[in-house]
Amino acid sequence: MYHDNIRRQFPIFTNHDVVYLDSAASSQKPSCVIDEISDFYRTSYANVHRGLHHLSASATVRFENARNSIASFLHASSPSEIIFVRGLTEGMNLLSQTFGRMVVQEGQTILLSEMEHHSNVIPWMVVAKEKGAKIQWIPVLPSGDLDMESFKSMLDENVALISVVHISNVLGTINPIQEMAKLAKTKNIPIIVDGAQAAHHIQVDVQALGVDFYVVTGHKMYGPTGTGAIWGNCKHLEKMPCYQVGGEMVDTVTYQGYTIKEPPSKFEAGTPHIAGNIGFGKACEFITSIGWDYIKKHEGELMVSCEKALSEINGLRILGSAKQKIGVFSFEIDGCHPQDIGTLLDQENIAVRVGYHCAEPLHQKFSSQGTVRVSLGIYNNVQDIEKMKVSLHKVVHMLRG
């Protein structure tokens, strides 16, 4: 009954008879987030931080309350450690072009894992090329786990920084970030974490993790597209150069030059996505209201059901088998092209993802030409898994003739 109440909060399932198994790409939105955005536009819209009139004051309060909600959600020590960005991609570009350029030197190494999303690969490749540095890859084992012994052996005085995903968007593997951060700190190596797939599935405490930066994206977390946040250690934020310049990030401007504000304003030039960030804050509150114990229990049960359903398909191979993981399954089926599977499942009102999932190097690692990905959200139920299983059997039979 409790889960039925949660599912009813997502209007998409009232308006469409769809089994949505593509939450790792983007999640559906609950009414509270939709209503929060709509209410802001209807009752309180104005630009933030700059106006003396009451609408601007009200908008600013709502905007900064959203920052407070996100800071609380991530267990930041202060809301000033939260920088609003448009998503994980912009977050990693900001960090690579500011912090990365500041700390990476010629001949040094940037450590990435083989399971990284392209958004956490290409920005560092750009910096490495510019600085004359090189990328080294933390290996992924056949199980889908990081090779921690190799990781330990790679940590030396030549490593400029580490940037690694918390949870793989292909394998669902939960990486041991706290352990990795502790090892990195013994060598004074900063560590950046891509939390796009993690923050809505497992409780994240950035202080307990011991990392230097943690980046999240709103649209994965039941929030709006075009939203996200960087949590950064204040000692780094104070030293980092600006990413963009213009209105809002400046303190004073004269004919001779300008002075900049303190973080986070320093990194938030221009008019932000006000309504979106307010909705993002509400999404964090929504997740918290469900309760982490329930999220772990419900998604864990669905994950077991999904894995069992997939195991009943002859010739189906799931990439990775990590013990610590979330409900993300990327698989191949003998004799069936992923695109054909996805197209035919769509005709059965089953929404899945097909392709490389913006993690092409990882697919190369597993000798895969592309996979079908099933990814679960808090709104999914056992009926969704059963419908997926029945439809998948039907699709495989059709494709194999």
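These exercises, each with a worked solution, cover the strands, helices and selected residues of a predicted model.

Residues are numbered from 1 along each chain as its sequence is written, and side-chain values use heavy atoms, with hydrogens and water left out. In this predicted model, local features need pLDDT of at least 70, side-chain atom pairs count only at pLDDT 80 or more, and totals for chains, interfaces and linings use all residues.

**Exercise 1. Lay out the seven-stranded sheet and find its edges.**

Solution.
- Start with the terms. Helices (H or I, at least four residues) and strands (E, at least two) are DSSP runs, numbered from the N terminus. Two strands pair if DSSP finds at least two bridges between them.
- Write the order. The strands run 2-8-7-6-5-3-4 in an open sheet with mixed pairing.
- Mark the edges. Strand 2 (82-85) and strand 4 (134-138) each pair on one side only.
- Add the twist. From one strand to the next, it averages 20°. For such angles, axes are lines fitted to C-alpha atoms, for helices over the stretch in contact, and angles run from 0 to 180 degrees between N-to-C directions.
- Check one pair. Strand 3 (residues 109-113) and strand 4 are parallel, with five bridges. Here I110 stands opposite I135 in strand 4.

**Exercise 2. Place helix 4 and helix 6 against this sheet.**

Solution.
- Take helix 4. It packs on the sheet and touches strand 2, strand 7 and strand 8. Contact means heavy atoms within 4.5 Å. The direction of helix 4 makes about 115° with that of strand 2.
- Take helix 6 (residues 122-131). It lies across strand 3, strand 4, strand 5 (159-165) and strand 6 (191-194). Its run is at about 140° to strand 4.

**Exercise 3. Describe how helix 3 and helix 4 pack.**

Solution.
- Choose the quantities. Two packed helices are described by the angle between their axes and the distance between the axes.
- Read them off. Helix 3 (residues 31-44) and helix 4 (residues 54-74) pack at about 165°, with axes 10 Å apart.
- Classify the angle. Under 35 degrees counts as roughly parallel, over 145 as roughly antiparallel, 65 to 115 as roughly perpendicular and the rest as oblique. Helix 3 and helix 4 are therefore roughly antiparallel to each other.
- Assign the hand. The crossing of helix 3 and helix 4 is right-handed. That means the near helix is turned clockwise from the far one by less than a right angle; anticlockwise would be left-handed.
- List the residues that meet. On helix 3 they are E36, D39, F40, T43 and S44; on helix 4 they are L55, S58, A59 and R62.

**Exercise 4. Work out the four-stranded sheet and the hairpin of strands 9 and 10.**

Solution.
- Write the order. It is 11-12-15-14, open, with antiparallel pairing.
- Find the edges. Strand 11 (316-318) and strand 14 (353-355) have a single partner strand each, so one side of each is left without a neighbour in the sheet.
- Add the twist. Its average is 30° from one strand to the next.
- Check a pair. Strand 14 and strand 15 (residues 371-375) are antiparallel over three bridges. R353 has R373 in strand 15 as its bridge partner.
- Turn to the hairpin. Four residues join strand 9 to strand 10. Strand 9 (residues 250-253) and strand 10 (residues 258-260) pair in the antiparallel sense over three bridges. V250 is bridged to I260 in strand 10.

**Exercise 5. Is T227 buried or exposed, and what does T227 touch?**

Solution.
- Locate T227. It is in the loop between strand 7 (213-217) and strand 8 (228-232).
- Apply the cut-offs. Buried means under 20% relative accessible area, exposed over 50%, partly exposed in between (1.4 Å probe, protein chains only). T227 has 0% relative accessibility and so counts as buried.
- Find its backbone partner. The T227 side chain reaches the backbone oxygen of P224 at 2.8 Å.
- Look further along the chain. Leaving aside neighbours within four places in sequence, contacts of T227 include V85, R86, H219, H273 and F280.

**Exercise 6. Inspect the backbone at H75, Y222 and P264.**

Solution.
- H75 lies in the loop between helix 4 and strand 2. Its phi is positive, about 60°, although H75 is not a glycine. At 29% relative accessibility, H75 counts as partly exposed.
- Y222 sits in the loop between strand 7 and strand 8. Its phi is near 70°, positive in a residue other than glycine. With 2% relative accessibility, Y222 counts as buried.
- P264 is in the loop between strand 10 and helix 11 (274-290). The peptide bond from P263 to P264 is cis, with omega near 5°.

Technical notes: A polar contact is a pair of N or O atoms within 3.5 Å; within protein, one must be able to donate a hydrogen and the other to accept it, and residues adjacent in sequence count only if both atoms are side-chain atoms.
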